[in-house]
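Visitor: I would like a close look at a single part of this protein, the enclosed space inside it, followed by a connected account of the surroundings. Please take it slowly and keep the reasoning visible.

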Amino acid sequence: MEKEKVDTGRRKRSFENATTSHASGSSKKKKRRRKAKFSDNRTEASPSLEGGRNSKRRKKDQRQDDVPSNEKLGRSLCKTKGTTFLDKMRSRLQGGHFRMINEKLYTCCGDEALQFFKKDPSLFDVYHSGYQEQMSRWPQQPVNIIIKWIKNHSPSFVVADFGCGDARIAKSVKNNVFSIDLVSSDPSVIACDMSKTPLSTSSVDVAVFCLSLMGVNYPSYLQEAPRVLKKCGWLLIAEVRSRFDPNNGGADPVIFSKAVQQLGFTSVSEDFSNKMFVLFFFKKKEQQSKERKGIEWPELKACIYKRR
């Protein structure tokens with residue numbers, strides 16, 4: 001009996017050991033599988049991780065490669081800004097010169113203006129460059145209306161363009177045009193004081209004053225018109241509208257028109273439809289009166305541009 005108990009105990013311990021050994025082996029196998037699976041996952045994930053690292057490296061390298069181009073771009077932008085700044089400064093300087101010359105022309109007499117430009121003819125180009133820039137802002141140019149008027153009349157009409165500027169009328173019509181101004185590099189332009197032109201008496205059919213009644217002695221320019229015009233000749237005047245606005249310090253257009261008529265003209269029409277300029281159309285009378293003294297001319301205010 002004792003022997004059987006001993007054998008039974010041995011069997012139990014052997015079974016328990018076997019069970020424990022089996023469980024331990026199973027546990028080890030599971031651990032090995034987990035390690036293998038983890039290792040496989042790492043192996044599968046490694047290309048992605050490597051790719052991520054490579055991507056970061058590429059971006060870093062790209063940023064490093066971009067540094068010189070960004071510097072170039074910065075220098076380019078600085079250069080562009082510098083050029084723009086210089087252009088603005090030049091434009092302001094030219095604008096300042098234009099305002100100075102413009103004010104001079106409106107506040108002096110014709111002979112003084114002529115001597116002013118004779119001393120430095122380049123100032124005339126500076127003035128007209130600024131003048132053209134100002135005119136480019138106008139929706140309509142008065143000189144174009146006058147050109148159209150001339151084209152609608154006889155091509156045989158001889159025209160005198162007082163204060164011609166760039167001689168646009170002469171370049172735009174087939175008529176014979178005497179272009180007159182204080183100074184010009186164009187050989188076709190007659191440089192003189194507009195109150196004392198070299199034109200012969202009764203030699204032209206149309207006298208034009210397009211934005212050219214500048215100077216404190218502007219009436220003397222208009223007095224030259226009846227001398228050079230033929231009988232029944234035309235006098236066309238275009239001026240800045242504000243100069244004929246009595247409510248804002250301008251002249252009364254009625255008084256101005258009466259003064260011109262006393263020079264021996266008949267008023268044909270007036271055009272105040274444009275907000276920038278006004279137009280006067282006169283015709284020389286056949287019979288001229290020699291009494292022209294005592295004409296009361298209204299003062300035309302100067303067109304002074306504001307500083308910006």
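**The cavity and its surroundings**

Guide: Helix α3 gives the most to the lining of the largest cavity, contributing six residues. The model in which this cavity is found is a predicted one, and the search behind the description rests on a simple idea: when a probe the size of a water molecule is rolled over the atoms, the places where empty space is left become visible. Counting cavities of 30 Å³ or more gives one, and the volume of the largest cavity is about 450 Å³. Its lining is made up of 32 residues, and those that lie nearest its centre are His128, Gly163, Gly165, Cys210 and Leu211. The elements that give two or more residues to this lining are α2 (110-119), α3 (122-135), α4 (142-151) and α5 (168-172). In chemical character, the lining of the largest cavity divides into 19 nonpolar residues, eight polar ones and five charged ones.

One of the residues nearest the cavity centre, Leu211, leads on to a part of the chain further along. The C-alpha atoms of Leu211 and Glu239 are separated by 4.8 Å, although their positions lie 28 residues apart along the chain as a sequence separation. Glu239 belongs to strand β5, which covers residues 229-240, and with a relative accessibility of 1% this glutamate counts as buried. Once neighbours within four places in sequence are left aside, the contacts of Glu239 are with Leu211, Ser212, Leu213, Phe244, Met276, Phe277 and Val278.

Strand β5 also holds Cys232, a residue with a positive phi of about 65° although it is not a glycine. Cys232 has a relative accessible area of 32%, so it is classed as partly exposed, whereas Glu239 in strand β5 is buried. Another positive phi, of about 50°, is found at Ser202, which is not a glycine either. Ser202 sits in the loop between β3 (189-191) and β4 (204-210), and its relative accessibility of 40% makes it partly exposed. The loop between β3 and β4 is also the place of Ser195, but that serine is buried, with a relative accessible area of 16%. Beyond its neighbours within four places in sequence, Ser195 is in contact with Ser220, Tyr221 and Glu224.

Phe244, one of the contacts of Glu239, opens the way to the aromatic rings. A search of the whole structure finds 16 aromatic pairs. In one of them, the ring centres of Tyr218 and Trp297 are 5.9 Å apart and the ring planes stand at 80°, which is over the 60 degrees required, so the pair is edge-to-face. Because Tyr218 lies in helix α6 (residues 218-228) and Trp297 in the segment after β7 (277-284), this pair ties together parts that are 79 residues apart in sequence. Tyr218 itself counts as buried, at 4% relative accessibility. A stacked arrangement is found for Phe280 and Phe282, whose rings lie 6.2 Å apart from centre to centre with 10° between their planes. Both Phe280 and Phe282 are buried. Ring pairs link these residues into a cluster whose members are Tyr218, Phe244, Phe256, Phe265, Phe272, Phe280, Phe282 and Trp297.

Seen as a whole, the protein has seven helices and seven strands, which follow one another along the sequence in the pattern α-α-α-α-β-α-β-β-β-α-β-α-β-β. Of its 308 residues, 35% count as buried. Among contacts between residues at least 6 apart in sequence, 67% join residues that are at least 24 apart.

A word on confidence belongs with any reading of these details. The mean pLDDT of the protein is 79, and 67% of its residues reach 70 or more. Over residues 1-6 the pLDDT is below 50, and this stretch has zero contacts in the model beyond near neighbours in sequence. Residues 41-50 also have a pLDDT that stays under 50, and for them the model has one contact beyond four places in sequence.

How values were computed: Residues numbered from 1 in each chain as written. Predicted model: local features only at pLDDT ≥ 70, side-chain atom pairs only at ≥ 80, totals over all residues. Heavy atoms only, no water. Phe/Tyr/Trp six-rings, centres within 6.5 Å; stacked < 30°, edge-to-face > 60°. Helix = DSSP H or I, 4+ residues; strand = E, 2+ residues; numbered from the N terminus. Buried < 20%, exposed > 50% of the residue type's maximum accessible area, 1.4 Å probe, protein only. 1 Å grid on protein atoms, 1.4 Å probe; cavity = no way out; pocket = protein on both sides within 12 Å on 5 of 7 lines; lining within 4 Å. Points joined across faces, edges and corners; volume = space filled by probe spheres on them. Nonpolar A, V, L, I, M, F, W, Y, C, P; charged D, E, K, R; others polar. pLDDT = per-residue confidence, 0-100. Contact = heavy atoms within 4.5 Å.
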